Amino acid sequence: TREIRRRMLSGLSIRVRQLRHRLPKLSRPGLSIEDFQFFLFSDELNPPIGTQVHQDMTAPLSHYYIYSGHNSYLTGNQLSSDCSDVPIINSLQSGVRVIELDLWPNSTKDNIDILHGRTLTTPVDLIKCLKSIKEYAFVASPYPVIITLEDHLTPDLQAKVAKMVTETFGDMLYFPDSDYLKEFPSPEALEKRIIISTRPPKEYLEAKSFKKKDDDSPKEKNSDDEEWGSEAVDKTEADFDDGQSEHPHNEDEANDDDHKIKHDLAPEYRRLITITAGKPKGSVRDALKVDPDRVKRVSLSEQELEKVAVSHGADVIRFTQKNLLRIYQRGTRFNSSNSILVGWMHGAQMVAFNMQGFGRSLWRMQGFYRANGGCGYVKKPHFLLNNGPHGEVFNPKAKLPAKKILKVKVYMGDGWRMDFKSTHFDTYSPPDFYTRVGIAGVPADCTMKKTRTIEDDWTPVWDEELVFPLTVPELALLRIEVHEYDMSDKDDFGGQTCLPVSELKPGIRAVPLFTRKGVKYRSVRLLVRFEFLTDCFSSVEIE
């Protein structure tokens with residue numbers, strides 16, 4: 001440890017001496033240059049964002065974005081990988097609050113398997129998954145865990161599920177006082193509780209929905225990769241990326257005709273359902289109609305959301321002010337997508353994502369939920385929760401003046417010598433690092449900028465300031481990637497992070513970088529200054 005620290009400090013001494021005068025309070029006698037350097041580059045002592053829950057947690061669940069997993073039981077791709085409780089454990093340990101389980105009859109039709117139906121995935125026992133959820137549900141956060149059940153069972157197997165769930169969770173299970181909730185409870189009121197959410201099984205329905213096939217949509221242009229550069233992937237990553245598919249049968253295609261359908265369910269099972277899920281029959285406007293007497297959950301695919309956001313964006317926002325909206329991934333996507341941002345901009349609480357994969361979309365998801373102490377619940381901005389005097393709602397595509405300006409000064413980086421082999425980037429010379437810095441958020445705020453390349457240096461000093469005008473800073477994410485320039489081949493990956501702009505601490509901060517899978521490097525850090533200019537405030541436009 002002493003040698004690692006000595007090697008890190010040796011490359012920083014000159015630069016830190018130049019920076020020290022900027023922090024006069026730390027220049028008092030008794031604080032050595034080495035102590036000051038250690039403080040600057042410690043993400044524990046000098047973090048870029050806070051680590052404690054600081055938002056109001058007493059509002060209804062519908063007022064929060066909720067960290068949501070998709071096909072939580074899969075170890076890899078969604079066509080042929082194994083099913084296991086290990087991905088569920090990993091998700092819960094990282095703060096995920098929504099776990100999805102697909103319930104199917106086993107081969108003898110007398111028990112329940114968890115698997116991705118109609119694929120080559122190998123099953124895992126339901127009881128094993130339930131026991132792991134109970135053990136790990138609240139290791140990262142005390143706030144409620146929601147289990148969404150994709151149900152393909154007969155009533156006798158539903159009764160068996162009810163018995164397993166009740167015996168496993170006991171008093172941890174939350175049951176409402178009545179058949180339907182008029183308003184969702186708050187995360188604080190549901191601390192250390194397990195909530196079940198499912199739709200009526202389609203075995204008992206005449207499925208009529210407004211869904212359309214994914215093939216109907218035009219091929220999306222991945223402008224993110226065009227601007228940021230395509231992601232360097234190896235064979236392992238490609239195996240994950242090809243599996244961003246939804247169930248072949250398309251989930252949640254059930255009608256939400258509960259007053260008739262729920263009586264077809266096993267009574268023990270029906271009692272478990274706290275958050276009723278489904279897709280109402282009729283038009284899009286009917287599907288998103290707000291019932292003043294009860295709340296519910298509706299699910300849409302990415303493709304459906306993108307279409308609905310164009311034609312009925314205001315209805316989506318009004319719906320999510322009281323009800324829950326879950327967005328699940330399209331079956332034809334093989335690369336990064338901005339659909340998670342579309343969901344957040346329209347107030348969707350449960351944008352479900354495959355935590356077992358990796359790529360820029362997952363980085364944004366992980367960065368977004370670093371907010372509010374990483375507890376898995378992030379309060380939605382006020383303009384998504386409140387209407388204007390004439391019922392107007394927020395318009396994500398409105399052209400707005402800058403509300404806030406973020407200045408990001410990238411001073412330097414270090415730690416690659418400790419976390420990478422000396423020949424990882426270049427066989428015969430030190431690496432040539434550059435940094436990409438950008439914003440993800442509403443369309444007007446999305447951009448990427450790039451520092452110059454510093455050649456042959458394990459401790460690059462860029463000393464460059466990048467400026468980002470922000471029209472909706474409440475929904476903005478700061479994206480940072482470090483790459484190593486390669487003249488003859490694809491540039492190498494040197495680390496990434498994504499941080500919620502609303503949580504950034506002004507001043508010079510140590511910014512830790514993460515691997516493609518979202519694991520924090522042991523030593524790699526950037527030294528970055530954040531500065532906000534707030535003399536350009538304007539009210540958020542509504543429509």
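**Figure 1. Helices α5 and α6 lie roughly parallel to each other.** The angle between α5 and α6 (residues 155-169) is about 25°, and their axes sit 10 Å apart. "Roughly parallel" here covers angles under 35 degrees, with over 145 called roughly antiparallel, 65 to 115 roughly perpendicular and the rest oblique. Axes are lines fitted to C-alpha atoms, for helices over the stretch in contact, and angles run from 0 to 180 degrees between N-to-C directions. This is a predicted model, so local features need pLDDT of at least 70 and side-chain atom pairs count only at pLDDT 80 or more, while totals for chains, interfaces and linings use all residues. Residues are numbered from 1 along each chain as its sequence is written, and side-chain values use heavy atoms, with hydrogens and water left out. The crossing of α5 and α6 is right-handed, meaning that the near helix is turned clockwise from the far one by less than a right angle (anticlockwise would be left-handed). On the α5 side, L126, I127, L130, K131, I133 and K134 make the contact, and on the α6 side V161, M164, V165, T168 and F169 do. Sorted by type, the residues of this α5 and α6 contact are 8 nonpolar, 1 polar and 2 charged. For that sorting, Ala, Val, Leu, Ile, Met, Phe, Trp, Tyr, Cys and Pro are nonpolar, Asp, Glu, Lys and Arg are charged, and the others, Gly among them, are polar. Contact means heavy atoms within 4.5 Å.

**Figure 2. Helix α5 also packs with α4, and their axes come within 9 Å.** Here α4 (residues 86-93) and α5 (residues 126-136) cross at roughly 20°. That makes the two helices roughly parallel. Their crossing is right-handed. Look for I88, I89, L92 and Q93 on α4, meeting C129, S132, I133 and Y136 on α5. No charged residue takes part in the contact of α4 with α5, which splits into 6 nonpolar and 2 polar. Helices are DSSP runs of H or I with at least four residues, strands are runs of E with at least two, and both are numbered from the N terminus.

**Figure 3. C129 sits in helix α5.** With a relative accessible area of 0%, C129 is buried. Buried means under 20% relative accessible area, exposed means over 50%, and partly exposed falls in between (1.4 Å probe, protein chains only). Setting aside neighbours within four places in sequence, C129 touches D85, I88, L101, I114 and V124. Y73 is 56 residues away from C129 in sequence, yet their C-alpha atoms are 8.1 Å apart.

**Figure 4. Strand β10 is largely enclosed by the rest of the structure, because 5 of its 5 residues are buried.** In β10 (residues 324-328), L324, R326 and Y328 point one way, while L325 and I327 point the other. Strand β9 (residues 297-301) pairs with β10 in the parallel sense over 5 bridges; a pair needs at least two bridges found by DSSP. One of the partnerships to look for is S299 with R326 of β10.

**Figure 5. Strands β19 and β20 form an antiparallel pair over 7 bridges.** Strand β19 (residues 507-514) is mostly covered, with 7 of its 8 residues buried. R509 stands opposite V528 in β20 (residues 520-533). There are 5 residues between the strands of this hairpin, and G518 takes a positive phi near 90° there.

**Figure 6. Two loop residues, K192 and N372, have positive phi without being glycine.** Most residues other than glycine have a negative phi. K192 has phi near 60° and lies in the loop between α6 and β7 (194-198). Is K192 buried or partly exposed? K192 counts as partly exposed, at 45% relative accessibility. N372, with phi of about 55°, belongs to the loop between α14 (360-368) and β12 (377-379). N372 is buried, at 0% relative accessible area.

**Figure 7. A59 lies in the loop between α3 (33-40) and β1 (64-66).** A59 counts as buried, at 9% relative accessibility. Beyond neighbours within four places in sequence, the contacts of A59 are Y64, P185, S186, P187 and K379. E188 is 129 residues from A59 along the chain, and their C-alpha atoms are separated by 8.3 Å.

**Figure 8. The whole chain has 16 helices and 20 strands.** Of the 543 residues in the chain, 60% are buried. Among contacts with a separation of 6 or more, 78% link residues 24 or more positions apart.
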